[in-house]
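Q: Please take a close look at one part of this structure, the contact between a pair of helices, and then set that contact beside the sheets and the ligand shell.

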Amino acid sequence: MSNPLDAAFDPEAFRALGHTVVDLLADRLGQDLVGKGLVRMDAAPEEEYAHWRKIMDSGSGGAGAFLEEFVERAIRLHHPRYMGHQVCGPAPLAALAGFVGEWLNNGMAVYEMGPGATALERWVIERTAALFGFEAGGGFLTSGGTLAMLTALLGARARKLGAGVLEYGSEPKWALLGSEQAHYCAGRAAHVMGWGRAGFVGVPVDEKFRMRVDLLERVYNETLASGRTPVAVVGSACTTSTGAYDDLRAVADFCERKDLWFHVDGAHGGAAAFCPELRGRLAGIERADSVILDFHKLLLTPALATAVIFRDAGASWAAFQQKAEYLWDASVQEEWFNVGRRTFECTKLSMSLKIAALWKVYGVEVFAENVRRVHANAERFARLVSGDSRFELAAWPESNIVCFRLKTVKEDEEAQDALQRDIRARCSGSGEFYIVQTVLNGRTWLRTALMNPFTSESDLADLLERIAELGCSPN
Ligand SMILES: Cc1ncc(COP(=O)(O)O)c(C=O)c1O
């Protein structure tokens, strides 16, 4: 090939590189699943930057070596000792479908730019809505839980405050209520809607980190007294830090009594709807006005792929209602197939393909089995922690998230917390495990999200031994 542009599009070079890359990843998957090698490398930001700058500044080079280097330094989410943040090691088929979607690059803001992805998106949303118990639900897929939360709440705002907000915006005299443990994206949505930080009002939690629904009335009245009117309540199903499920039935009762929008943040735990034995944790979700669910957390799909589902499909148009003459005819209402009318994104990749491919090939049971296994692992781990006098458990897990800490003779609370931070830094820093940490009631806890269905009981037992060892030899 004479010039780089022609070389970049050479079909045979593409074929050869594709085989090389799939071989690389398949080898890597084989090693990861049996826990060979480290979960992660611990390079400080400056070190990582220096590494890549050197490579990038050294002139052009081979594609295979470049991609291999990237893979080599990446975090290994398929490794059974990956127990860090809530992102899954995707199922290979879903990743390949993602590659196909990226290659095609069909934009799908409008139907004519992504017909297949639009149709599959409708299918995925309808099936998922049915699992939540919505008989006439509807919605769309969007880029992540944070954007999904904002989009759902923009819909809530338009429905509750009237279409005037689309013309004139809304004053900071409104508020959202939600648990103090709700993900920060609830507060961020209030902020983006122009209501400022005080636009999200936290409701205290009980000893299991669930919203104190018995205090909702009081918080509601205090919010009114402070000059703000609550518009919606966000129920967490489940929370990020500890995986606690709010009592959605009780929140639904409250919202009905006060005529508030009921939104469920099911970004993580909404996946329980796919597993018949765990579905009970979501009791009451069928009464929500809107729900979000990340397929990239517990449902084996590469990021980002989030469902935003409204109990009344008509509400899924409420957030934007925007004119764009070059894309759609504003006089035509509610065209389900021009997805960009309802999503924040204009151009959007075919995320439905990744989900639908798994569903088609392995059936809904593949999602159920993943959710089942990672929850069983959390139970297993909680039993190990609570049966070991060296450790304490923050709360019995309701999801696949377990928070715990090493007991210590240190009396000073700050020293105890510093020890947990030191353990977490060294445990994850060594690359043997990847765990994270959180703060609950002002104290530091070690936190594991058991995302990998191939994590075994011996991985969990080894983690506890390693932590105990690190605790005996603090830095
Ligand atoms: C409960 C909950 N809601 C929302 C989010 C935000 O989702 P995303 O990271 O996809 O933006 C998270 C992320 O961890 C979460 O745990």
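A: In this predicted model, helix 6 and helix 13 are oblique to each other, because their axes cross at roughly 55° and an angle counts as oblique when it is neither under 35 degrees, nor over 145, nor in the range 65 to 115. Helix 6 covers residues 115–131 and helix 13 covers residues 351–362, and their axes come within 8 Å. The crossing of this pair is left-handed.

Helix 6 contributes Ala-117, Leu-120, Glu-121, Trp-123 and Val-124 to the contact, where they meet Ser-352, Leu-353, Ile-355 and Ala-356 of helix 13. By class, the residues of this contact comprise 7 nonpolar, 1 polar and 1 charged.

Helices also pack on the sheets. One open sheet has 7 strands in the order 1-7-6-5-4-2-3, and its pairing is mixed. Strand 1 (138–142) and strand 3 (200–203) each have a single partner strand, so they form the edges, and one side of each lacks a neighbour in the sheet. From one strand to the next, the twist averages 20°. Strand 2, residues 174–179, pairs with strand 3 in the parallel sense over 4 bridges, and Leu-177 stands opposite Val-201 of strand 3. Helix 9 (residues 184–195) packs on this sheet and touches strand 2, strand 3, strand 4 (229–236) and strand 5 (261–265). The direction of helix 9 makes about 180° with that of strand 2.

A second open sheet has 4 strands in the order 8-9-11-10, with antiparallel pairing. Its edges are strand 8 (391–393) and strand 10 (436–440); each has a single partner strand, so one side of each is left without a neighbour in the sheet. Here the twist averages 40° from one strand to the next. Strand 10 pairs with strand 11 (residues 443–449) in the antiparallel sense over 5 bridges, and Val-439 has Thr-444 of strand 11 as its bridge partner. Helix 15, residues 413–429, packs on this sheet through strand 9 (401–406), strand 10 and strand 11, and its direction makes about 25° with that of strand 11.

Finally, the ligand shell is made up of Gln-86, Gly-144, Gly-145, Thr-146, His-183, Cys-185, Thr-240, Asp-265, Ala-267, His-268, Asp-294 and Thr-306. These residues divide into 2 nonpolar, 8 polar and 2 charged.

Technical notes: Residues are numbered from 1 along each chain as its sequence is written. This is a predicted model: local features need pLDDT of at least 70, side-chain atom pairs count only at pLDDT 80 or more; totals for chains, interfaces and linings use all residues. A residue is near a molecule or strand if its C-beta atom, placed from the backbone, lies within 6 Å of it. Ala, Val, Leu, Ile, Met, Phe, Trp, Tyr, Cys and Pro count as nonpolar, Asp, Glu, Lys and Arg as charged, and the others, Gly among them, as polar. Two strands pair if DSSP finds at least two bridges between them. Helices (H or I, at least four residues) and strands (E, at least two) are DSSP runs, numbered from the N terminus. Axes are lines fitted to C-alpha atoms, for helices over the stretch in contact, and angles run from 0 to 180 degrees between N-to-C directions. Two residues are in contact if their C-beta atoms, placed from the backbone, lie within 7 Å. A crossing is left-handed if the near helix is turned anticlockwise from the far one by less than a right angle, and right-handed if clockwise.
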